[in-house]
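The following exercises are to be worked through with the sequence and the model in view. Each task is followed by a solution in steps.

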Amino acid sequence: MTAETEDVRLRGVTEDDLELFLAFEHDPEAVRRSRFTPRPRDAFLTHWRTRVLPGPDSLVRTVTADGEVAGNVVSWAQEDGRRFVGYWLGRPYWGRGIGSRALALFLALDPVRPLYADPFAGNTASVALLEKHGFTRVGTADEDGYLLLVLDGPAPKTP
């Protein structure tokens with residue numbers, strides 16, 4: 001199946017989603033590709049409950065594919081005022097176009113531009129997904145191999 005045949009949607013995050021997000025974050029292949037150190041359960045849940053979900057400048061959505069939780073998409077403002085987007089899909093949902101459809105839906109919801117992303121350079125699928133949606137490379141985010149990409153221009157209409 002592909003996203004064209006699957007029903008990909010965004011909805012608000014529920015408490016039950018957090019346990020799935022935690023499992024997705026701890027997948028060894030996802031950790032390798034993202035080069036992100038997964039948080040222990042309590043730290044993960046505290047972060048989501050106290051910073052991500054109630055963030056006054058955050059937009060947070062659960063991604064579903066045919067009604068199943070597939071991951072999440074989040075945007076937030078950094079202390080320097082730049083707005084970033086991030087996403088995480090569970091491995092069973094990779095390579096099916098779900099991330100592309102979810103990001104398109106999300107970009108239509110969050111009209112703030114410029115919008116930044118900082119994927120690990122070695123995560124070529126994530127970099128390609130962002131570039132497919134109009135993000136361009138503007139440099140590196142740090143010395144650890146993360147890129148800095150930006151999306152300028154108006155938000156697209158809902159696809």
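**Exercise 1: Two residues with positive phi**

At 39% relative accessibility, Asp 66 counts as partly exposed, because buried means under 20% relative accessible area, exposed over 50%, and partly exposed in between (1.4 Å probe, protein chains only). This is a predicted model, in which local features need pLDDT of at least 70 and side-chain atom pairs count only at pLDDT 80 or more, while totals for chains, interfaces and linings use all residues. Residues are numbered from 1 along each chain as its sequence is written, and side-chain values use heavy atoms, with hydrogens and water left out.

Task: State where Asp 66 and Arg 35 lie and give the phi of each.

Solution. Step 1: Asp 66 is in the loop between strands E2 and E3; helices (H or I, at least four residues) and strands (E, at least two) are DSSP runs, numbered from the N terminus. Although Asp 66 is not a glycine, its phi is positive, at about 50°. Step 2: Arg 35 belongs to the loop between H2 and H3. Its phi is near 55°, again positive in a residue other than glycine. Arg 35 is partly exposed, with a relative accessible area of 45%.

**Exercise 2: A strand with two faces**

Task: Determine which side chains of strand E1 (residues 8-11) are buried, and how E1 pairs with E2.

Solution. Step 1: The side chains of E1 alternate. Val 8 and Leu 10 point to one face and are buried, whereas Arg 9 and Arg 11 point to the other and are not. Step 2: E1 and strand E2 (residues 59-65) pair in the antiparallel sense over four bridges; two strands pair if DSSP finds at least two bridges between them. Step 3: Val 8 has Ala 65 as its bridge partner in E2.

**Exercise 3: The sides of helix H3**

Task: Identify the buried residues of helix H3 (residues 41-52) and explain why they share a side.

Solution. Step 1: Phe 44, Leu 45, Trp 48 and Val 52 are buried in H3. Step 2: They lie on the same side of H3 because they cover an arc of only 105° around the axis, the arc being that of the directions from the helix axis to the C-beta atoms. An α-helix has 3.6 residues a turn, so residues three or four places apart point the same way. Step 3: The face of H3 turned away from the buried side carries the exposed residues Asp 42, Thr 50 and Arg 51. Step 4: The cover over the buried residues includes helix H1 (15-25), E2 and E3, where contact means heavy atoms within 4.5 Å.

**Exercise 4: A cis peptide bond**

Task: Find the residues joined by a cis peptide bond.

Solution. Step 1: The bond joins Arg 113 and Pro 114, with omega about 0°. Step 2: Pro 114 lies in the loop between H4 and strand E5 (115-117).

**Exercise 5: Two positions and their distances**

Task: Place Asp 142 and Ala 23, and give one C-alpha separation for each.

Solution. Step 1: Asp 142 sits in the loop between strand E6 (136-140) and strand E7 (147-151). Asp 142 is partly exposed, at 27% relative accessible area. Its C-alpha atom is 9.2 Å from that of Asp 118, 24 residues apart along the chain. Step 2: Ala 23 is found in helix H1 and is partly exposed, at 46%. The C-alpha atoms of Ala 23 and Asp 80, 57 residues apart along the chain, are separated by 31 Å.
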